[in-house]
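User: I'm new to this one, so could we go through it together, one question at a time?

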2 protein chains.
Amino acid sequence: MKNGVSAFAPASVSNLACGFDVLGFALESAGDVVHARFDDSVETVVISDITGDDGRLPRAVRKNTAGMAVMALLEKIKPVPAGISLVIEKKMPFASGMGSSAASAAAAVKAVNHLLGDPLDETALLECVIAAEATISGGAHADNAAPALLGGLVLAREVDPPDILSLPVPAGLSYVLIHPRVAVETKQARQALPASIALKTGVSHWANTAALVHALHTADFALLARAMRDFIAEPIRRRYIPHYEAMKRAALEAGALTFNISGSGPAVFSFCSSRSTADRVARILTEFCDRERIDHGMFVGAIRSRGAVITGATR
Amino acid sequence: MKNGVSAFAPASVSNLACGFDVLGFALESAGDVVHARFDDSVETVVISDITGDDGRLPRAVRKNTAGMAVMALLEKIKPVPAGISLVIEKKMPFASGMGSSAASAAAAVKAVNHLLGDPLDETALLECVIAAEATISGGAHADNAAPALLGGLVLAREVDPPDILSLPVPAGLSYVLIHPRVAVETKQARQALPASIALKTGVSHWANTAALVHALHTADFALLARAMRDFIAEPIRRRYIPHYEAMKRAALEAGALTFNISGSGPAVFSFCSSRSTADRVARILTEFCDRERIDHGMFVGAIRSRGAVITGATR
């Protein structure tokens, strides 16, 4: 039996424009690492340390997304063989709209499941991550959980039970993601949205989400650009993001196909038809941010096809 | 120059489950024929006769969908070279939810455009049909207009200007359409729908519409069956359709993948994974209707890939 396991899970972009709550993708590099090991001194699970968060994330298991996801996992495999202690290495921004909580939760369940001899399949693990996400964001959705755990560009048709579809990613498709360092709490930003929408707004959203899936299958970048509209979250959430309109204009003028909010913000992202265009867009947005003195992080890459992975195990 | 032109345009199913207002397909056989000829005795356009409607459709050009579509066409190509007279042969049920008005309008513009030497392209013709449809149904939508004119299974991403995407049709996909002979006026049925919906209802619709497009691209009939849910129109409109729930149960038990309302009803339809399953479903639904004494028409076939076509021309 293993004594310690480490896992990595990627950051992700959710609420993909028209695909609010249902479409998301995994980032190439950013993400979190969780180390899990057996610990006879605890009954179920404890978070023994978190690094990289400047002490800002909750250490209490039932207030921490990784802790809650592992509790959900242990519920599924009773009786629990031994206590488990977790160390979380935050290696990406949080409260950022980049799926930080899902990354921690996905890495945690991936590590703990492997530590226990892989008793659960990926759907069961996904249910654990979704449950943890639901508690912190105020609503069940899988558009960060699924890419963090499974990778790729995914459509979460249903969350209970999860019905997750992996969508094709056209060659060349690249993202630029900017994280302006202003905090937007997911729950607060989510609660800012109305509980109902005009039927015709809904019609536009399902027309565009359907068109986006068609664009991915046919590698039609022009259609992808036309389809990635957001009439629900963007009109409300852009107010929380400094210089949103000006950044959007700059990105599109620089050749980006799209510019939308990542998750519930403040991160924003563009799709581009090639890596070289993405690099140009990133350069221009960096110049913009420097000029406007917006403290920010910048991420450029291709959609990561793998989700959470085991990075190490000790006996 | 031609002196007379005849065109056929197919019946169609719109409001395809989750794809309310944006997804539709053309039927294999049912449809309308319109004959157009130059007529010096009229200034613009006149409907000189309608057959097959028992005198129930309006002959006034500005109250008839074919007349309005041709008026819209003539607006686009001023000056009009000569007066035009139309004869409409209704060869399908109307006020049925089978896209009768779109079929007449599509056949009419197809015939008149050809009579005039094809000055307009298909997008311009589609705009004419959409404009006519908007007047009679109380809202612009292209999910009957596009399949009637262009054929196939289409996604109307936008109506103004039209952005119409032809979706792939998996081999074997067949429909059964039943038209119970009770009248439901489109405008009345449409007005019965709420102006707004819950955000989470919207989320389900765009998740399912996206999944349906993915199912068509991957020929995944099980996913197609899961995705074709309707949380908006069905809960309201099924009350106008006799024995809706019992028919749905019978169709699904007989092996149909889906059962939904066609357009705004009262026609209903199922998709099946093969023609033989469709034939079985049709037989069982016919028995059901006979037992319940529901006067009805039954249509079985594959999605028609062609839209409106010229069927004859005289010099």
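User: In β4(B), which residue is the bridge partner of B:Ile47?

Analyst: β3 (residues 45-51) and β4(B) run parallel, paired over 6 bridges; strands pair if DSSP finds at least two bridges between them. Strands here are DSSP runs of E of at least two residues, helices runs of H or I of at least four, both numbered from the N terminus. Follow B:Ile47 across to β4(B) and you land on B:Leu86.

User: Before we go on, what pLDDT do side-chain atom pairs need to count?

Analyst: Residues are numbered from 1 along each chain as its sequence is written, with chains lettered from A and ligands numbered from 1 in the order written. This is a predicted model, where totals for chains, interfaces and linings use all residues, local features need pLDDT of at least 70, and side-chain atom pairs count only at pLDDT 80 or more.

User: The chain crosses from β3(B) to β4(B): is that crossover left-handed or right-handed?

Analyst: On β4(B), β2 (residues 23-38) of chain B also pairs, antiparallel over 7 bridges, and B:Ala36 stands opposite B:Leu86 there. From β3(B) the chain goes through helix α1 (residues 65-76) to β4(B), making a β-α-β crossover. Right-handed would be a clockwise path from the first strand over the helix to the second, with the strands pointing away from the viewer. This crossover is left-handed.

User: Which residues of β4(B) point to the buried face?

Analyst: Buried takes 20 or more other C-beta atoms within 10 Å of a residue's own, exposed 12 or fewer, partly exposed in between, with C-beta atoms placed from the backbone. Side chains alternate along this strand, and B:Ser85, B:Val87 and B:Glu89 are on the face that isn't buried. The buried ones are B:Ile84, B:Leu86, B:Ile88 and B:Lys90.

User: Which element gives the most to the side of chain B that touches chain A?

Analyst: In total, 32 residues of chain B are in contact with 32 of chain A, contact being C-beta atoms, placed from the backbone, within 7 Å. β5, β6, β8, α6 and α7 of chain B each supply at least two residues of that side. With 13 residues, the top contributor is α6(B).

User: And how many charged residues does that side have?

Analyst: Ala, Val, Leu, Ile, Met, Phe, Trp, Tyr, Cys and Pro count as nonpolar, Asp, Glu, Lys and Arg as charged, and the others, Gly among them, as polar. The side of chain B that touches chain A has 20 nonpolar and 8 polar residues, and its charged count is 4.

User: Which residue does A:Ala198 stand opposite in β8(B)?

Analyst: β8 (residues 196-198) of chain A and β8(B) pair in the antiparallel sense over 3 bridges. Opposite A:Ala198 stands B:Ser196.

User: Is A:Thr209 buried or exposed?

Analyst: A:Thr209 lies in helix α6 (residues 199-218) of chain A. Beyond its neighbours within four places in sequence, its contacts include A:Cys18, B:Trp206 and B:Thr209. A:Thr209 has 30 C-beta neighbours inside 10 Å, so it counts as buried.

User: Which strands stand at the edges of the sheet β9-β10-β7-β11 in chain A?

Analyst: This open sheet has 4 strands with antiparallel pairing. Two of them have a single partner strand each, so one side of each is left without a neighbour in the sheet: β9 and β11.

Definitions and conventions. Two residues are in contact if their C-beta atoms, placed from the backbone, lie within 7 Å.
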